[in-house]
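Reader: I would like to go through this entry with the criteria beside the values, so that each label can be checked. Could we take the labels one at a time?

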Amino acid sequence: MTNFNDLANAGDGLAQALTELNGTAFSKAVTTGNGVVVPGDAGGTALRRQDLSDDVKNITFGSRNFTIYNTIPRGVAQATAYEYTIQDGYGESGSSRFIQEMEIADVNDFSVTRKYVAMKIIGDTRQASILSLQVNNTKNPMDMMVNSAMMVVAKSIEYGIFYGDGDLSAEGEHQGNEFDGLVKLIPDENVIDLKGQILTETDLNAAAVRIAENYGEPDSVYMPVGVQAAFVNNQLNRQWVTQGSAVDINAGFTVPTFVSSQGSSLKLFPSAIMMNDKILNQSEAVQPQAPAAPAVTATVAAENGNFVDADTKSPLSYAVRIISKNGAASAITTVDADLTDATSHVELDINAGVQLIGAPSFVQIYRKDLFTGKFFLIGRVPFYKATAVNGAYHIAFVDNNDEIPGTADVFVGQMTQDVIELAELNPMQKIDLAQYKAAVQFAVLWVGGLVLYAPKKFVRLHNVKAQVY
């Protein structure tokens with residue numbers, strides 16, 4: 001029988017010999033591991049090849065997520081001020097046109113008006129080192145940069161079509177960088193406030209009737225995907241279950257089209273990106289040369305409020321920041337207000353200080369939605385409305401709950417060339433910029449504006465519930 005101590009001593013001797021021979025600790029087997037190999041790894045790990053996928057997985061939005069950008073009619077502008085003439089009447093009619101024998105009718109005249117739309121510029125700039133374009137990449141960085149810039153510009157155009165505001169500047173009305181969107185161009189009489197309720201067939205019919213009364217034929221509805229899902233869920237109690245066999249049962253449905261009481265067939269366009277720019281990104285870094293953060297004071301005043309009793313149960317939380325002329329955002333300032341009566345309103349005094357840097361353009365005001373815990377945009381105030389008090393700029397904002405956080409807008413309209421058009425002075429194009437170092441840079445530019453020839457042939461359903469859970 002082998003002596004255990006002799007066997008152990010023999011094993012220790014072999015390990016010591018191997019250690020002296022290889023310069024490494026003795027191990028029983030070569031292992032490869034499953035971590036990422038980095039310089040300095042030894043053993044079987046050093047022999048393993050890395051397996052890098054040949055493609056890049058895109059997990060953000062793409063061209064399939066655009067709605068009105070893909071469907072809006074295009075027009076061509078030939079100057080920075082796109083002018084057009086509308087006819088909104090043929091003249092007096094009805095009782096005034098009935099005359100007696102031997103008489104002639106009074107002179108009548110048609111009604112025409114000249115209007116114009118200022119062209120605005122949207123651009124995105126990219127840069128890559130020459131070395132980054134020469135190495136063995138899985139994807140061509142230049143192709144990815146061009147595609148990314150085009151997606152950014154297209155999403156900005158779609159945002160502008162819905163929510164653009166040309167007054168957002170420190171210089172005065174119509175001096176902002178944005179073109180006016182549907183929110184600005186649709187007249188107040190064509191805005192229907194749902195006050196936080198879900199979208200129903202009754203609401204779509206009301207919009208269709210409003211458009212029909214203005215001689216339009218609505219054909220399209222644009223809404224966030226949550227609004228469309230809530231609209232469908234509201235009809236589940238009328239659902240038919242399709243059963244092909246005992247194991248083949250289909251439940252649930254979608255509603256791609258709504259037929260209004262006017263006979264118009266309205267196609268529904270749910271959007272996954274429509275709400276993105278209304279939700280505050282609290283993790284966004286403050287850019288260099290951004291305006292200084294404002295000081296904000298909230299005061300609750302009596303009357304003129306449209307709040308509900310639930311708003312009085314916990315403080316209303318606001319977030320305010322200043323946006324510069326080049327789009328840089330200041331740090332966020334938060335403030336709470338205790339609302340004791342639903343009929344009261346909240347007054348915000350936004351003290352922007354002296355603002356020696358950053359070229360402030362407008363102020364964004366957000367309010368927290370208690371259901372989602374997110375801050376939603378409820379107002380934007382141009383900086384030209386600021387007043388100087390004791391050497392500091394002050395901006396006043398009143399929240400009477402006309403904009404309900406957590407809700408969305410739904411746009412119903414006639415998408416024909418004689419009603420709405422995206423006038424393009426310069427279609428989206430890539431422009432190579434001067435090379436002044438070992439890098440390649442370019443810009444993607446678009447110049448144009450939204451033309452709503454017939455504003456009353458569009459309706460905005462406001463404060464529509466956007467959650468489905």
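Reader: Why is glutamine 364 counted as buried?

Author: The relative accessibility of glutamine 364 is 10%, and buried means under 20% relative accessible area, exposed over 50%, and partly exposed in between, with a 1.4 Å probe and protein chains only. The value of 10% is under that limit, so glutamine 364 counts as buried. Before we go on, please note that this is a predicted model, in which local features need pLDDT of at least 70 and side-chain atom pairs count only at pLDDT 80 or more, while totals for chains, interfaces and linings use all residues. Residues are numbered from 1 along each chain as its sequence is written, and side-chain values use heavy atoms, with hydrogens and water left out.

Reader: What does the side chain of glutamine 364 make a polar contact with?

Author: There is a contact of 2.8 Å between the side chains of glutamine 364 and arginine 321, and another of 3.1 Å reaches the side chain of tyrosine 366. A polar contact is a pair of N or O atoms within 3.5 Å; within protein, one must be able to donate a hydrogen and the other to accept it, and residues adjacent in sequence count only if both atoms are side-chain atoms. At 2.8 Å, the pair formed with arginine 321 is within 3.5 Å, and at 3.1 Å so is the pair formed with tyrosine 366.

Reader: Where is glutamine 364 found?

Author: Glutamine 364 belongs to strand S15, residues 360–369; helices (H or I, at least four residues) and strands (E, at least two) are DSSP runs, numbered from the N terminus.

Reader: How do you know that S12 and S15 pair?

Author: Two strands pair if DSSP finds at least two bridges between them, and S12 and S15 are joined over 7 bridges in the antiparallel sense, so the criterion is met. One of the bridges links alanine 319 to tyrosine 366 in S15. Strand S12 also runs antiparallel to strand S13 (residues 333–337), with 5 bridges between them, and there leucine 316 faces alanine 337.

Reader: What makes strand S12 mostly covered?

Author: In S12, which spans residues 316–324, 9 of its 9 residues are buried. Leu316, Tyr318, Val320, Ile322 and Ser324 point one way, whereas Ser317, Ala319, Arg321 and Ile323 point the other way, and all are buried.

Reader: Which residue takes a positive phi in the hairpin of S15 and S16?

Author: The hairpin has 4 residues between the strands, and glycine 373 takes a positive phi near 75 degrees. The two strands run antiparallel with 8 bridges, and aspartate 369 stands opposite lysine 374 in S16. Strand S16 (residues 374–382) is mostly covered, with 8 of its 9 residues buried.

Reader: Why is one side of strand S11 and of strand S17 left without a neighbour in the sheet?

Author: The order of the 4 strands in this open sheet is S11-S14-S18-S17, and the pairing is antiparallel. Strand S11 (295–301) and strand S17 (387–389) stand at the edges and each has a single partner strand, so one side of each has no neighbour in the sheet. The antiparallel pairing of S17 with strand S18 (residues 392–399) rests on 3 bridges, and valine 389 stands opposite alanine 392 there.

Reader: Why are glutamate 303 and asparagine 304 called exposed?

Author: The relative accessible area of glutamate 303 is 57% and that of asparagine 304 is 58%, so each value is over the limit for exposed residues. Glutamate 303 lies in the loop between S11 and S12, and asparagine 304 has its place in the loop between S11 and S12 as well. Neither label depends on the backbone angle, which is given separately: phi is near 70 degrees in glutamate 303, a residue other than glycine, and about 70 degrees in asparagine 304, which is not a glycine either.

Reader: What residues line the second largest pocket, and how do they divide?

Author: A pocket is, on a 1 Å grid over the protein atoms alone, an open set of points with protein on both sides within 12 Å along at least five of seven lines, as opposed to a cavity, where a 1.4 Å probe fits but cannot get out; lining residues have an atom within 4 Å of a point. There are 32 lining residues, and Ile86, Lys115, Leu452, Tyr453 and Pro455 lie nearest the centre. They divide into 16 nonpolar, 6 polar and 10 charged, where Ala, Val, Leu, Ile, Met, Phe, Trp, Tyr, Cys and Pro count as nonpolar, Asp, Glu, Lys and Arg as charged, and the others, Gly among them, as polar.
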